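Here are my notes on the structure you asked me to look over. Have it open while you read.

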Amino acid sequence: NKNEACTMMKYSPEKVFIIGATQFDPYFAQDSVWSREQLASVFRLDPSRPIITLAALGPFQHQYDETYLVDWLLDAINKGTIPADSQLICRLHPASRLEQFLPYTKFENVRLSYMTEYIPTLSWSMTREDVILVGNLLRHSDVVISPGSTITIETAIFDTPTIVPTFHTYQPEVARRQYDWHLANHFGRLRDLDLVPIIENSEDLAPAIRHALEDRSWYRQQRKQLVEDYVQFTDGRSSDRLIDLITQLTGK
């Protein structure tokens, strides 16, 4: 709600204009849609097998290891607690440490996806092609695992089941401190309204993944609400609205 948000942030409503997220525009462009086979070809995967994407959150504390979820998923695949033919794509956060993930490239069912464009003083920058790749990755993943990334909202655009694990297998105290803060400040509303399944215990993650793989409609209404509440515009014209607004405000 615009008025509620303005009140909370102490902005005057008449000075706030909602145009949508311009960076999401490529997600809605018809020329950006790939087939599942195209995506599989880019990542050298088998389109007939399950694709699980792990969207990393980044190492939010010093010496925090975020690869534990890769280990957990590979162990679950090997044990058969989730489908043994699953393929794993690790989508790294810009702040993730690539060197920590590189050892997993030796596994035939693991692929890495990460940003390569870097602009001095501006940091990481995604091209339209980068955004299109991520969009199709989210579109064709069978389930996305993310420990609290904003990818949670982006996957909702593509109606892709998303699961948020908040446990750590061997750094539980560090993780707990982080998630107590993160869930309260960033995911509080999502948690309170149950808009995404949040998994606090490791033994509950495999059943949740199997549920998502077996029933893509699981949490579908909640994903629809996420899009309505946080994306709003799904016409791919947010950049046009921004240009129009600038023109209007400058009188040019």
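The points below go through one helix, one serine and the cysteines.

1. First, a caveat: this is a predicted model, and what I say about side chains leaves out hydrogens and water.

2. Take helix 9, which spans residues 205-214. Its buried residues are L205, A206, A208, I209 and A212. They sit on the same side of helix 9, because the arc they cover around the axis is only 160°.

3. What lies over that buried side? The cover for the buried residues of helix 9 includes helix 3 (68-79) and a set of strands, among them strand 1 (51-55), strand 6 (143-145), strand 7 (162-165) and strand 8 (198-199).

4. Now have a look at S146, in the loop that links strand 6 to helix 6 (151-157). S146 is buried, as its relative accessible area is 0% and the cut-off for buried is under 20%.

5. Which polar partners does the S146 side chain have? One is the backbone oxygen of A55, reached at 3.2 Å. Another is the backbone nitrogen of S149, which lies 3.1 Å from a polar atom of that side chain.

6. Setting aside neighbours within four places in sequence, S146 is in contact with A55, T152, I163, V164 and P165. A55 therefore turns up both as a contact of S146 and as the residue whose backbone oxygen the S146 side chain reaches.

7. Last, the cysteines. C6 counts as buried at 2% relative accessibility, and C90 does too, at 1%. The disulfide count comes to 0, with a cut-off of 2.5 Å between cysteine sulfur atoms.

Key
Residues are numbered from 1 along each chain as its sequence is written. This is a predicted model: local features need pLDDT of at least 70, side-chain atom pairs count only at pLDDT 80 or more; totals for chains, interfaces and linings use all residues. Buried means under 20% relative accessible area, exposed over 50%, partly exposed in between (1.4 Å probe, protein chains only). Helices (H or I, at least four residues) and strands (E, at least two) are DSSP runs, numbered from the N terminus. The arc is that of the directions from the helix axis to the C-beta atoms. Contact means heavy atoms within 4.5 Å. A polar contact is a pair of N or O atoms within 3.5 Å; within protein, one must be able to donate a hydrogen and the other to accept it, and residues adjacent in sequence count only if both atoms are side-chain atoms.
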